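Reader: I've got the model open and keep losing my way in the middle of it. Please take me slowly through the packing inside, and then through the surroundings of any ligand.

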Amino acid sequence: MTNVAFITGATSGFGRAAARRFAREGWALVLTGRRFERLEELASELKDQVPVHIAALDVRDASAVQAVVDALPPAFRGVTALVNNAGLALAPEPAPQVALADWHTMIDTNVTGLVNVTHAVLPLLIETGGGASIINIGSVAGEWPYPGSHVYGATKAFVKQFSLNLRCDLLKTGVRVTDIAPGAAETEFTLVRTRGNEAAAAAVYRGTTPLTAEDIADQIVYVATLPPHININRLEIMAQRQAWSPFAVDRD
Ligand code: NDP
Ligand code: 8X3
């Protein structure tokens with residue numbers, strides 16, 4: 001049986017790097033994201049290596065998610081790894097300056113979207129049974145507070161707890177669940193967060209050595225290819241050059 005990876009947010013960053021990394025292992029790929037032309041480019045890059053199925057998908061739309069899963073061709077229905085990667089941060093400003101719509105977009109994508117996809121793919125993973133994995137992309141922001149993280153970090157705290165809770169309910173199914181929680185990694189993430197401000201995005205990574213998309217893709221594939229009896233609950237990964245600051249104190 002060919003292993004199948006179902007990846008959300010495969011048009012950029014971790015998701016695209018994971019698709020390439022899974023292809024090197026010979027896994028068939030279900031690649032999803034909103035930007036269909038990017039999915040087509042990736043499919044044409046990888047289709048000589050492995051079977052690839054692409055589908056335009058906004059994870060916020062529960063019925064669209066279900067329709068994409070229902071329409072999977074037979075060769076792609078034996079999903080071995082669901083990589084719940086689609087997500088975003090918006091508005092790095094302090095909370096009082098942030099538009100409510102931005103908070104809603106983060107919750108709709110990082111929480112509701114992840115739940116939509118998990119619910120739709122779960123029957124296929126349970127059918128696969130032992131060795132299947134749900135790999136949720138959380139963040140260090142789900143564990144550690146910092147200014148400007150407000151709802152973003154809170155959505156990733158949801159991802160962490162949802163992952164652990166799923167473990168309890170999937171115990172008898174053989175399906176594993178992992179929360180991979182990266183620190184700062186250079187992808188399009190900050191460009192999205194700053195609404196396309198290339199200078200501001202470049203400044204986040206300038207003069208340091210951030211994680212790369214490939215670093216996280218390696219961890220995703222590592223988790224997915226462990227022997228079936230091993231479940232890594234949570235992997236928190238930072239660049240060596242990222243750490244914590246002291247507590248902030250308000251003084252007169
Ligand atoms: P990118 O911006 O490079 O990629 C984000 C991906 O998410 C894109 O493929 C995008 O596809 C997809 N996406 C966003 N919104 C939606 C949506 N509504 N429906 C479907 N797909 C969507 O960022 P990263 O690769 O860095 O981010 C991937 C994940 O990693 C996110 O969950 C992010 O929160 C998390 N993360 C990132 C870190 C970092 O520092 N880079 C660190 C820790 C976690 P499209 O726009 O085509 O739909
Ligand atoms: C994003 C990583 O360090 O910007 O999830 O919070 S960080």
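Author: Let's say that two residues touch when they have heavy atoms within 4.5 Å of each other. This is a predicted model, so local features need pLDDT of at least 70 and side-chain atom pairs count only at pLDDT 80 or more, while totals for chains, interfaces and linings use all residues. Residues are numbered from 1 along each chain as its sequence is written, chains are lettered from A and ligands numbered from 1 in the order written, and side-chain values use heavy atoms, without hydrogens and water.

A good place to start is Ile7. Leaving out residues up to four places away in sequence, Ile7 touches Gly15, Ala18, Ala19, Phe22, Leu29, Val30, Leu31, Thr32 and Val83. Ile7 also belongs to the largest nonpolar core (buried Ala, Val, Leu, Ile, Met, Phe, Trp, Tyr and Cys joined through side-chain atoms within 4.5 Å). That core has 35 residues, and Ile7, Phe22, Leu29, Leu31, Ile180 and Ile220 touch the most other members. Among the elements giving it two or more residues are β1 (4–7), α1 (13–24), β2 (28–33) and β9 (234–237); helices and strands here are DSSP runs, H or I of at least four residues and E of at least two, numbered from the N terminus. The top contributor is α8, with seven residues. There's also a second, separate core of 30 residues, Val4, Ala86, Val121 and Phe162 among them. As a rule, nonpolar side chains in soluble globular proteins tend to be buried together.

Now look at Phe6, which sits in strand β1. Phe6 counts as buried because its relative accessibility is 1%; buried means under 20%, exposed over 50% and partly exposed in between, with a 1.4 Å probe and protein chains only. Its partners beyond four places in sequence include Val30, Val68, Leu72, Val83 and Val121. Phe6 and Arg77 are 71 residues apart in sequence, yet their C-alpha atoms are 9.5 Å apart.

Over in strand β4 you'll find Thr80, which is buried because its relative accessible area is 7%. Thr80 touches, among others, Asn3, Val4, Trp27, Leu125 and Ser133.

On to the ligands. Ligand 1 has 30 residues around it (a heavy atom within 4 Å), and Thr11, Ser12, Arg34, Tyr152 and Thr187 come nearest. That shell divides into 12 nonpolar, 12 polar and six charged residues. Helices α1, α5 (150–169) and α6 (189–193) each supply at least two of them. For polar contacts (N or O pairs within 3.5 Å), the Asp58 side chain has an N or O atom 2.9 Å from a ligand 1 nitrogen. A backbone N or O atom of Glu188 is 3.2 Å from a ligand 1 oxygen. Of the 870 Å² of accessible area (Shrake-Rupley, 1.4 Å probe) that ligand 1 has on its own, the protein covers 96%.

Ligand 2 is surrounded by residues including Val140, Tyr152, Gly183, Phe189 and Arg193. Its shell splits into six nonpolar, three polar and one charged. In the Ser139 side chain, an N or O atom is 2.5 Å from a ligand 2 oxygen, while a polar side-chain atom of Tyr146 lies 2.6 Å from an oxygen of that ligand. The side chain of Gln242 has an N or O atom 3.4 Å from a ligand 2 oxygen. Alone, ligand 2 exposes 250 Å², and the protein buries 86% of that.

Notes:
Polar contact = N/O pair within 3.5 Å; in protein donor to acceptor, adjacent residues only side chain to side chain. Nonpolar A, V, L, I, M, F, W, Y, C, P; charged D, E, K, R; others polar.
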